[in-house]
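User: I've got this model open and I'd like to go through some helix packing and empty space with you. Can you explain the labels as we go?

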Amino acid sequence: MNNEHLYVLILAGGSGQRFWPLSRNARPKQLLDLFGSGSMLSAAVRRVAGSIPPERVFILTNALQREEVLRQAEGVPAENVIAEPTRRDTAPAVALGIGLIAARDPQACMMVLPSDALIGDDAAFSALAQDALALAARENALITIGIRPTWPCPSYGYIERTVQLEDPALSHTCYEVAGFREKPSREQAEQYLATGRFCWNAGIFVWSVAHVRAQLAKHAPQLAEFVSALAAADDAPAFIAEHFPQLTPISIDFALMEKADRVLNFEATFPWDDVGSWISVGKYLPHDAAENAANTPLVAQDAAQNIVFSAASGKQVALLGVSDLIVVDSGDALLIARKSDADRIKLLTPQLPPELL
């Protein structure tokens, strides 16, 4: 297909409460340098830069985060970084992006890419993305990228696949999709893995603008009307400010993907991690012999399997007689929690002073 019609929509909103005290409302997970190599947002922008120029990259965020997103999204024009006037979940956000891209190029094919996942092989990602975009240009289907499960995770959505697509032009494996499954119980997830038919839903979507608009018209008419009106609007920012808050909050999976006439799924050939908590971060930090993970100098005596993160470069930390803790020093706040409570860190938010949110 003609590469001049390829676009990317990067979703970069969220609050990042699970990564407090490092994350704040204005700097959620995707804007943090958690691994010493820049933020996940900047990595996402670099990842697509080789095949799609920055003027065809759109980023959706919110007013609190827009300034930092602009700073980190090197090369992306300021007019392509859009602050949603209010949170409306992923379906309205994606519809907003579709409308803006449709106004620019009705023949476009586009990829929707979350900014808050860790992808370990940019070359493999780019090769798969090109395959998926080329397929979207010639097939009337909505395309997803799935992750081969490594354990029965109850925190992810799952995609059930059926037969493999027979297309000699493809260099990656692609399947017909039977359906989507929301976050299952651990027992259900184990059953999914046992069948070999399921993958994790990474929230990465590929489609032609013409086909996704047709599917929205059939299955999500409110969003379809919004897309059409936005694509024709003389003043897009004013239209978004007035009409976006009126959209019903709903996820793109519920609004469209679970109802679509035909969905295809590529299995990812690159390492992927949604980095959902400090536990995930700990996997990528240097470890000592006692399985303490730290991004800073650490002395540990009778201490094991702790996660230590300091925003101050080179800050010495010492642990004595403790195990299975998360210790995070952001400079103006300190978190100490059990690793088993990693998913409950967001419960601290209502009790914290506003200046630390």
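User: Why is H3 called oblique to H6?

Analyst: In this predicted model, the axes of H3 and H6 cross at roughly 135 degrees and come within 11 Å. Axes are lines fitted to C-alpha atoms, for helices over the stretch in contact, and angles run from 0 to 180 degrees between N-to-C directions. Under 35 degrees counts as roughly parallel, over 145 as roughly antiparallel, 65 to 115 as roughly perpendicular, and the rest as oblique. That angle therefore makes H3 oblique to H6. The crossing of H3 and H6 is also left-handed, a term for a near helix turned anticlockwise from the far one by less than a right angle.

User: What makes the contact between H3 and H6?

Analyst: Ile98, Ile101 and Ala102 in H3 meet Val209, Val212, Arg213 and Leu216 in H6, where contact means heavy atoms within 4.5 Å. By class that's six nonpolar, no polar and one charged. Here Ala, Val, Leu, Ile, Met, Phe, Trp, Tyr, Cys and Pro count as nonpolar, Asp, Glu, Lys and Arg as charged, and the others, Gly among them, as polar.

User: And why is H6 called oblique to H7?

Analyst: Helix H6 (residues 209–219) and helix H7 (residues 221–232) pack at about 135 degrees, with axes 6 Å apart. That makes H6 oblique to H7. Arg213, Leu216, Ala217 and His219 of H6 touch Pro221, Leu223, Ala224, Val227 and Ser228 of H7.

User: Switching to empty space: what makes something a cavity and not a pocket?

Analyst: On a 1 Å grid over the protein atoms alone, a cavity is a set of points where a 1.4 Å probe fits but cannot get out; a pocket is an open set with protein on both sides within 12 Å along at least five of seven lines. There's one cavity of 30 Å³ or more, and the largest cavity has a volume of about 50 Å³. Volume here is the space filled by probe spheres set on the points, which are joined across faces, edges and corners.

User: Which helix gives the most to the lining of the largest cavity?

Analyst: H4, with five residues. Lining residues have an atom within 4 Å of a point, and those of the largest cavity include Val8, Arg47, Phe125 and Leu133.

User: How much space lies in the second largest pocket?

Analyst: About 320 Å³. Of its 20 lining residues, Ile82, Leu100, Ala236, Pro237 and Ile240 are the closest to the centre of the second largest pocket.

User: Any ground rules?

Analyst: Residues are numbered from 1 along each chain as its sequence is written, and side-chain values use heavy atoms, with hydrogens and water left out. Local features need pLDDT of at least 70 and side-chain atom pairs count only at pLDDT 80 or more, while totals for chains, interfaces and linings use all residues.

Terms used
Helices (H or I, at least four residues) and strands (E, at least two) are DSSP runs, numbered from the N terminus.
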